[in-house]
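Hi,

Here is the structure I promised to pass on. My notes on it follow below.

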Amino acid sequence: MLLAVISDVHANLEALETVLRDIEGRGVEQILFAGDAVGYGPDPGQCLNLIERLCAEKVAGNHDRAVTGHTPLEYFNENARLALEWTLQQLSDEEMELLKGYEIQKSLKEPGAMLVHATPRFPDSWQYILSLQDAWRAFHHFDEQFCFIGHSHIPFIIELTDSGEIAGPVQEVAVSESSRYIVNSGSVGQPRDRDPRAAYTLWKEDGVEIIRVEYDFRETQQKMAAAGLPSALIARLEWGV
Ligand code: ZN
């Protein structure tokens, strides 16, 4: 079994294509998507269609839900809102239907994981898991061995052992049958951990690992500038913030 989990693509086609090539090169059998296909970036339609074609399971992120009208635009800061308003003008009716089909969370019997963008506790209130305490609370709201999330754009793996000890965050872990895990895949299209490389999760039989890949963010930046997207959103791709 070899799976990949991707999250927070945010309409960054260069990052998504680079990650998908890396995934393909490793012989991954199935790709899961943890939300935020669109928002911020310049290629929402193309990213949506790639995710639709290549990801076996998908859930919605807050930006996806904003575009479909479920989450109010007022929830977002100004730059995010401007990018969402731009995104709304780009998507075709068919692409909008794809987004509307995304569920808010999914319990996957096979391979045994919860897939949700923000938290399993209140999936559509868009809270963040940023600390061990947040993670501790979240562990009580899913039954599966793994919960794959995104949302903060900061990758981590946190482990809860059967004796109730919580460990992490780490970027790689050997999986123990008796432990449970919350894994944030970080962001494909807008990393925020001061590492501009695209991030995703590789889920192997015996371990979970956050993978980082360099991509051509300059090309993404040029497209964003041509589209008139906010300059702060363009600059952050270079610094991974
Ligand atoms: Zn996001």
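Where do glutamate 97 and lysine 100 lie, and how many residues apart are they? Both sit in helix α5 (residues 93–100), 3 residues apart, about one turn of the helix (helices are DSSP runs of H or I, at least four residues, and strands are runs of E, at least two, numbered from the N terminus). Their side chains meet in a salt bridge at 3.6 Å, N to O (a side-chain nitrogen of Lys or Arg within 4 Å of a carboxyl oxygen of Asp or Glu).

Before you go on: this is a predicted model, where local features need pLDDT of at least 70, side-chain atom pairs count only at pLDDT 80 or more, and totals for chains, interfaces and linings use all residues. Residues are numbered from 1 along each chain as its sequence is written, and side-chain values use heavy atoms, with hydrogens and water left out.

The salt-bridge count comes to 11. Another one joins arginine 212 and aspartate 193 (2.7 Å, N to O). Arginine 212 lies in strand β12 (residues 207–213) and aspartate 193 in the loop between β10 (180–184) and β11 (198–204), so the pair ties together parts 19 residues apart in sequence. Arginine 212 counts as buried at 16% relative accessibility, while aspartate 193, at 27%, is partly exposed (buried is under 20% relative accessible area, exposed over 50%, partly exposed in between; 1.4 Å probe, protein chains only). Both belong to a salt-bridge network with Asp195 and Arg197.

Arginine 26 and aspartate 22 also form a salt bridge, at 2.9 Å, N to O.

Cheers
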